Amino acid sequence: MGPRPDGKLVPLREAISRFVPEGATVVMGTCLESLIPFAAGHEIIRQRRRDLTLVGPISDVLFDQLIGAGCVARVVAAWVGNVSAGLGHAYRRATEHGIPRPVEVVDTSNFAVALALMAGALGVPYLPTRSLLGSDVPRHAEAFRFSEDPWSGEPLLLVRAIQPDVAILAVQRSDPDGNAHLWGNLGVTEEAALASRHVVLLAEEVVDPEVIRSDPNRVLLPGFKVSAVVHCPGGCHPSPVPGYYRRDHAFYEEYHRATRTEEGFREWLRTWVLEVPDRQAYLERLGPRWEALRRLQPAPAAPVDYAW
Amino acid sequence: MVTDVADWTVGELMVVAASREIRDGEVVFVGMRLPLLAYCVAKRLHAPRSVGVFENGIVRDVPTPQLLYTMSDTPNVVGAVWCTRMANVMGLLQRGDVDVGFIGGAQVDRFGNVNSSYVGDPHRPQVKLPGSGGAADIASLAKRLVVILPHGRHRLVERVDFRTSPGYGDGPGWRQRVGLPRGGPSAVITDRAVFRFDPQTCEAVLHHWHPGQSLQDVLENTGWPVRVADGASPTPEPSEEELGVLREYDPEGVWTGNRNRSDRP
């Protein structure tokens, strides 16, 4: 299915250049460790976007890469590092030594990220919680305020809404208008999608609208909220996509070892991002390990019937 | 570094100790690595009706078909009873539907507060750690909390540099004062010992030291003057049955330390 002249189905390069301007607030990595849109992050690095604010619960190494590449001014995330291998070396260099540039960190928690995006999605200025009372995490007054329940007087924490400029979200399949199916753990994906001004979808497959409409309960959000659809098979490697490919654990371990030094990080970036024009070339560079990750145990769901 | 002394690793002992914190029928906020294995062991042996909840939105009541490196690995989705939004599972936690949660961290103090954010001054940190993830939420809202971390004087400290995950704050009455609805730490499991919390003083008290450790080793490697419980004893060793189940899930010792690896301590 080719791109239409005025359609939403665009190449990744165009989606990033149109919807991720300098200084944008970008939410990514919303399913947690799965369906992380690494291809989009790498394109942001290649287009040398600067001064971004990154929002996410945990990002695995995607945020570490963007920070190390100097694209980021501010991080609003519950956790930044390498989930299976350890600390994020680039994140540490930036936050401890300002290399390659200082990054402001707004501490938060997974639940608080979910609430901030949910408030953004609901169009309210904040949502209250009983989490984090007594924690040092909510110390940024622009993101959190302590208050109380107006009825009972009990302490509450107010989590301020976040409405990102753009949500970059990976899905298993989408139609050309952005009506998309997502399955597996959803994390904060629905909230992020509904809270953001623009939504860019990275789809493993682009399918006919009839496929999506056959199962409307599996739809992430209606297409009218989506600004761009990118057909990007393998766009989440090394993170997994249920039904499509498994997690490449070794790749995270290799990244961890390779990026221990600043020079190592730059070399890694050259090999896997800067010298790679697009995702297709990246997958070719992966070679046979990419094929291995796509050998799966089938596990189809029982079909549902919307008989009427 | 703690040396293994038997035909099981210290990591395996920690997993088994953690699994014994799970009671049958409980709803468990599982976490990753060692607690994930602990849940598998408990589920198969003494807590078959327990249910595992993951912050990415997965709820499952059968062990995964394969070892997990992260909670969002595809084998954790297959056979789950529910795949949903984080807000729904965090809602279970906030309402009080979760019995026990597991977290790790870089530091824990005598009142069970956990730091996973900054080593040193948060404004000019010596080390920037990854952050809370869901740990602060679990510590705030679960009915019981189990903390798992390596032992050392710089890790078990009088007072944490940064209170990421609230324990008992500065002592009795603190959780209620700040408005936390329930909960608090019930155990700290390290690679040297097991601590439990005194309900009166809210202080971590030494209950078990692992085989191969002496009581003195533990006291010398803890950053506050430790109280020793009446009847404190060596940690019960893992049974053959417990080790068997554990090794089914992690035969290579990915999370528990490989028993055949040459770089073992």
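**A sheet, two domains and a chain contact**

Tutor: In this predicted model, chain A has an open sheet of three strands, arranged in the order S5-S7-S6 and paired in the antiparallel sense.

Student: Which strands stand at the edges?

Tutor: Those are S5 (126–129) and S6 (144–148) of chain A, and each has a single partner strand, so one side of each is left without a neighbour in the sheet. From one strand to the next, the twist averages 35°.

Student: Over how many bridges do S5(A) and S7 pair?

Tutor: S5(A) pairs with S7 of chain A, residues 155–160, over four bridges in the antiparallel sense, and in one of these pairings A:Tyr126 has A:Arg160 in S7(A) as its bridge partner.

Student: And which helix lies across S5 and S7 of chain A?

Tutor: That is helix H5 of chain A, residues 110–122, which runs at about 145° to S5(A).

Student: New topic: what domains is chain A divided into?

Tutor: Domain 1 covers 12–110 + 163–293, while domain 2 covers 126–160. Taken over C-alpha atoms, the centres of these two domains of chain A are separated by 30 Å, and the contact between them takes four residues from domain 1 and six residues from domain 2.

Student: How many residues does each chain give to the contact between chain A and chain B?

Tutor: Chain A gives 50 residues and chain B gives 43. On the chain B side, helices H3 (74–77), H4 (86–95), H5 (135–141) and H6 (174–178) each supply at least two residues, and the residues of that side divide into 19 nonpolar, 17 polar and seven charged.

Notes
Residues numbered from 1 in each chain as written. Chains lettered and ligands numbered in written order. Predicted model: local features only at pLDDT ≥ 70, side-chain atom pairs only at ≥ 80, totals over all residues. Pairing = 2+ DSSP bridges. Axes fitted to C-alpha atoms, helices over the stretch in contact; angles between N-to-C directions. Contact = placed C-beta atoms within 7 Å. Nonpolar A, V, L, I, M, F, W, Y, C, P; charged D, E, K, R; others polar. Domains from an automatic or database assignment.
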